[in-house]
Amino acid sequence: MSAWVGRCAAGAMAVVLLLAAGCNQSTTPSGEGAGAVAAPAGPPQTIAAKTAFGKIYPSARAWAADAEFLTEKPDELAGFKNDQGKAAMWEAGFGSQSLHQYKVYTYAVATVLPDVHKGVSANLALPWHGDTRDAMSVDLALFTVDSDAAYQAAATDAAPWLVKNPGKKLSMVLGRTYKFGGPVWLVTWGDTKQGGYAVFVDASSGKVYKSK
């Protein structure tokens, strides 16, 4: 009996060794070094408007198949600095003719408790009665100039003023009103009612329409 047990134990040990050898060979991808390790993900980065819109739009369409894009703007997120047309959180508004409702979505690159969670979030829908002179739907085919490019165009136009007025708070919003045939970026520094500076940038061509 002891000899039989010894032979079984020896056979089992041989199987284990063979399996171990096979696993060691299969876990090393062909053409890669045995010590290759995936690079760790870096910290979240600020993003431009079109990247955020791409995250938000499917949720808006899931809410209403006829969702119309109306506006988009950057939000503040603690721990991140909005700069040169990029932000860590963006807000986009949509209207639905069939539901007679307006809904705002946000996209954040990181979670900042207690109020902000990474990804897409939706606010409660509000009553909406369609386009007005000051808030008209945006044709997505005409939304080609991203927020960072719009910022550069505006900053170039405002350069002399910015030299004389450094440190003014930057604000941006994309939308369409009766004054323009298509969507525009409104880029402002400071309070325009108190000597600030505003630039309208065509969201299709990047052309500066008007500044003050």
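What follows is a walk through one strand and its partners, and then through two pockets, in a predicted model.

Some ground rules come first. Residues are counted from 1 along each chain as its sequence is written, and side-chain values use heavy atoms, with hydrogens and water left out. Because the model is predicted, local features need pLDDT of at least 70 and side-chain atom pairs count only at pLDDT 80 or more, while totals for chains, interfaces and linings use all residues.

Strand β3 (residues 101-108) makes a handy starting point. Strands here are DSSP runs of E with at least two residues, helices are runs of H or I with at least four, and both are numbered from the N terminus. In β3, 6 of the 8 residues are buried (under 20% relative accessible area with a 1.4 Å probe, protein chains only), so the strand is largely enclosed by the rest of the structure.

Who does β3 pair with? Pairing means that DSSP finds at least two bridges between two strands. Strand β2 (residues 89-96) runs antiparallel to β3, joined by 8 bridges, and M89 has A108 of β3 as its bridge partner. The hairpin of β2 and β3 has 4 residues between the strands, and there H100 takes a positive phi near 55°. Strand β4 (residues 119-122) is also antiparallel to β3, with 4 bridges; here Y105 sits opposite A122. Strand β5 (residues 126-127) pairs with β3 through 2 bridges, again antiparallel, and Y102 is matched with L126.

Now for the pockets. A pocket is an open set of points, on a 1 Å grid over the protein atoms alone, where a 1.4 Å probe fits, with protein on both sides within 12 Å along at least five of seven lines; lining residues have an atom within 4 Å of a point. Points are joined across faces, edges and corners, and a volume is the space filled by probe spheres set on them.

The largest pocket has a volume of about 380 Å³. Its lining has 19 residues, with E76, N82, K169, L170 and S171 nearest the centre. The elements giving two or more residues to this lining are β1 (68-75), α3 (147-164) and β6 (170-175). By class, the lining of the largest pocket holds 6 nonpolar, 5 polar and 8 charged residues. Here Ala, Val, Leu, Ile, Met, Phe, Trp, Tyr, Cys and Pro count as nonpolar, Asp, Glu, Lys and Arg as charged, and the others, Gly among them, as polar.

The second largest pocket comes in at about 280 Å³, and 17 residues line it. β6 gives the most to this lining, with 3 residues. By class, the second largest pocket is lined by 11 nonpolar, 3 polar and 3 charged residues.

How values were computed. Buried < 20%, exposed > 50% of the residue type's maximum accessible area, 1.4 Å probe, protein only.
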